Amino acid sequence: MLHHIRDTTYREDASRLRTGNTPRALAILRNTAINLLRLAGVTSIAQAVRRNSRNP
């Protein structure tokens with residue numbers, strides 16, 4: 001489930017960053033963001049990401 005959210009919302013599979021530790025570090029940051037949103041009670045991660053990107 002987490003990979004599906006990362007792939008559809010953050011387009012992780014389309015990322016061109018594939019060297020060194022960068023992919024792993026970004027996956028950790030994305031997981032952290034998703035889990036923080038879930039802890040805040042968000043039910044739609046995609047909707048929350050869009051809302052937060054428009055109004056940081």
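Here is a back-and-forth about a predicted three-helix model and the terms used to describe it.

Me: What should I keep in mind about the numbers before we start?
Reply: This is a predicted model, so local features need pLDDT of at least 70 and side-chain atom pairs count only at pLDDT 80 or more, while totals for chains, interfaces and linings use all residues. Residues are numbered from 1 along each chain as its sequence is written, and side-chain values use heavy atoms, with hydrogens and water left out.

Me: What makes the pattern of this chain α-α-α?
Reply: Helices are DSSP runs of H or I with at least four residues, strands are E runs of at least two, and both are numbered from the N terminus. The chain has three helices and zero strands, and reading along the sequence gives α-α-α. Its C-alpha trace spans about 35 × 20 × 20 Å along the principal axes.

Me: Why is Asn31 called buried or exposed?
Reply: Buried means under 20% relative accessible area, exposed means over 50%, and partly exposed is in between (1.4 Å probe, protein chains only). Asn31, in helix H2, has a relative accessible area of 19%, so it is buried. Leaving aside neighbours within four places in sequence, Asn31 is in contact (heavy atoms within 4.5 Å) with Leu2 and Arg6.

Me: What about Arg30: why is it buried or exposed?
Reply: Arg30 has a relative accessible area of 16%, so it counts as buried. This arginine also lies in H2, and beyond its neighbours within four places in sequence it touches Arg6, Tyr10 and Glu12.

Me: And Ala33, which label does it get?
Reply: Ala33 has 28% relative accessibility, so it goes down as partly exposed. It sits in helix H2, and its C-alpha is 9.3 Å from that of Val49, 16 residues apart along the chain. For the whole chain, buried residues make up 20% of the 56 residues.

Me: How do you know how H1 is oriented against H2?
Reply: Axes are lines fitted to C-alpha atoms, for helices over the stretch in contact, and angles run from 0 to 180 degrees between N-to-C directions. Angles under 35 degrees count as roughly parallel, over 145 as roughly antiparallel, 65 to 115 as roughly perpendicular, and the rest as oblique. The axes of H1 (residues 2–9) and H2 (residues 22–39) come within 11 Å and cross at roughly 105°, so H1 is roughly perpendicular to H2. Leu2, Ile5 and Arg6 of H1 make the contact with Ala27, Arg30, Asn31, Ile34 and Arg38 of H2.

Me: What label fits H2 and H3?
Reply: Their axes are 11 Å apart and the angle is about 100°, so H2 is roughly perpendicular to H3. On the H2 side, Ile34, Leu37 and Arg38 meet Ile45, Ala48, Val49 and Asn52 of H3.

Me: What makes up the largest nonpolar core?
Reply: A nonpolar core is a set of buried Ala, Val, Leu, Ile, Met, Phe, Trp, Tyr and Cys residues joined through side-chain atoms within 4.5 Å. Five residues make up the largest one: Ile5, Ile34, Leu37, Ile45 and Ala48. H2 and helix H3 (45–54) are the elements that give two or more residues to this core. Setting aside neighbours within four places in sequence, Ala48 is in contact with Leu37 and Val42.
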